[in-house]
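User: I would like a close look at a single part of this model. Please keep the sentences short.

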Amino acid sequence: MLHHSALTDRQVRQYIKQKRIGLGGNAKLKIYGALSCASGKRMKKENRVFFVSEKEAMDLGFRPCGHCMKQRYQIWKNGSL
């Protein structure tokens, strides 16, 4: 997990291009989702974290975003994940 506040914008772009970042999340709310998610783009930089994979996010106790990952969220909500 990488904290956005510890990275420059250039580093974030490079990490995305290098596939070292695949998902974004909110550290306070423990939610992860797509980098293109409108909800994720609105969060404060100090709360934003990045993950390589969905497995990494879930292993750290994060849940799927109900906005951009509706199917994964429903599975998580129903306790099947």
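How do the residues of the lining of the largest pocket divide into nonpolar, polar and charged? Please go on from there to the residues and elements around it.

Analyst: A caution comes before the answer: this is a predicted model. The lining of the largest pocket divides into twelve nonpolar, nine polar and two charged residues.

Now the pocket itself. Its space is about 360 Å³. In total, 23 residues line this largest pocket, and the closest to its centre are Cys37, Ser39, Gly40, Lys41 and Met43. Several elements give two or more residues to the lining: helix 1, strand 2 (23–26), strand 3 (31–33), helix 2 and strand 4. The method behind such a search is simple. Rolling a probe the size of a water molecule over the atoms shows where empty space is left.

Take strand 2 next. Asn26 sits in this strand. Its relative accessibility is 9%, under the 20% cut-off, so Asn26 counts as buried. Leaving aside residues up to four places away in sequence, Asn26 touches Ile31, Met43, Asn47, Val49 and Phe62. Met43 is also among the residues closest to the centre of the largest pocket. One C-alpha distance can be added for Asn26. Between Asn26 and Glu46 it is 9.1 Å, with 20 residues separating them in sequence.

Asn47 is a partner of Asn26. The loop that holds Asn47 runs between helix 2 (38–42) and strand 4 (48–51). Asn47 is buried as well, because its relative accessibility is 13%. Its contacts, again without residues up to four places away in sequence, are Gly25, Asn26, Ala27 and Lys28.

The loop between strand 2 and strand 3 holds Lys30. Lys30 has a positive phi, near 60°, and is not a glycine. At a relative accessible area of 33%, Lys30 is partly exposed. A second lysine has a positive phi too: for Lys19 the value is near 65°. Lys19 belongs to the loop between helix 1 and strand 2. Lys19 is exposed, as its relative accessibility is 67%. Here is the background to these two entries. Most residues other than glycine have a negative phi.

Strand 4 can be followed through its contacts. His4 lies in the loop between strand 1 (2–3) and helix 1 (9–17). With a relative accessible area of 8%, His4 is buried. Beyond residues up to four places away in sequence, His4 touches Asp9, Val12, Lys45, Arg48, Val49 and Phe50. Val49 is thus shared: His4 touches Val49, and Asn26 touches Val49.

Now the aromatic rings. The whole structure contains two aromatic pairs. One of them joins Phe51 and Phe62 in an edge-to-face arrangement, with 4.9 Å centre to centre and 70° between the planes. Phe51 is in strand 4, while Phe62 is in the loop between helix 3 (54–59) and strand 5 (63–64), so this pair ties together parts eleven residues apart in sequence. Both Phe51 and Phe62 are buried. Phe62 leads back to strand 2, as a contact of Asn26.

Two arginines lie over aromatic faces. Arg20 is over the face of Tyr15, 4.0 Å from the ring centre. Arg63 is over the face of Trp76, 5.4 Å from the ring centre. Trp76 is part of helix 4 (residues 70–77). Trp76 is partly exposed, since its relative accessible area is 37%. The C-alpha atoms of Trp76 and Arg63 are 7.2 Å apart, and the two residues are 13 apart in sequence.

One last residue links helix 4 to the pocket by a distance. Gln71 is in helix 4. Gln71 is exposed, at a relative accessible area of 67%. From Gln71 to Lys41 the C-alpha separation is 20 Å, across 30 residues along the chain. Lys41 is one of the residues closest to the centre of the largest pocket.

How values were computed: Residues numbered from 1 in each chain as written. Predicted model: local features only at pLDDT ≥ 70, side-chain atom pairs only at ≥ 80, totals over all residues. Heavy atoms only, no water. Helix = DSSP H or I, 4+ residues; strand = E, 2+ residues; numbered from the N terminus. Buried < 20%, exposed > 50% of the residue type's maximum accessible area, 1.4 Å probe, protein only. Contact = heavy atoms within 4.5 Å. Phe/Tyr/Trp six-rings, centres within 6.5 Å; stacked < 30°, edge-to-face > 60°. Lys NZ or Arg CZ within 6 Å of the ring centre and 35° of its normal. 1 Å grid on protein atoms, 1.4 Å probe; cavity = no way out; pocket = protein on both sides within 12 Å on 5 of 7 lines; lining within 4 Å. Points joined across faces, edges and corners; volume = space filled by probe spheres on them. Nonpolar A, V, L, I, M, F, W, Y, C, P; charged D, E, K, R; others polar.
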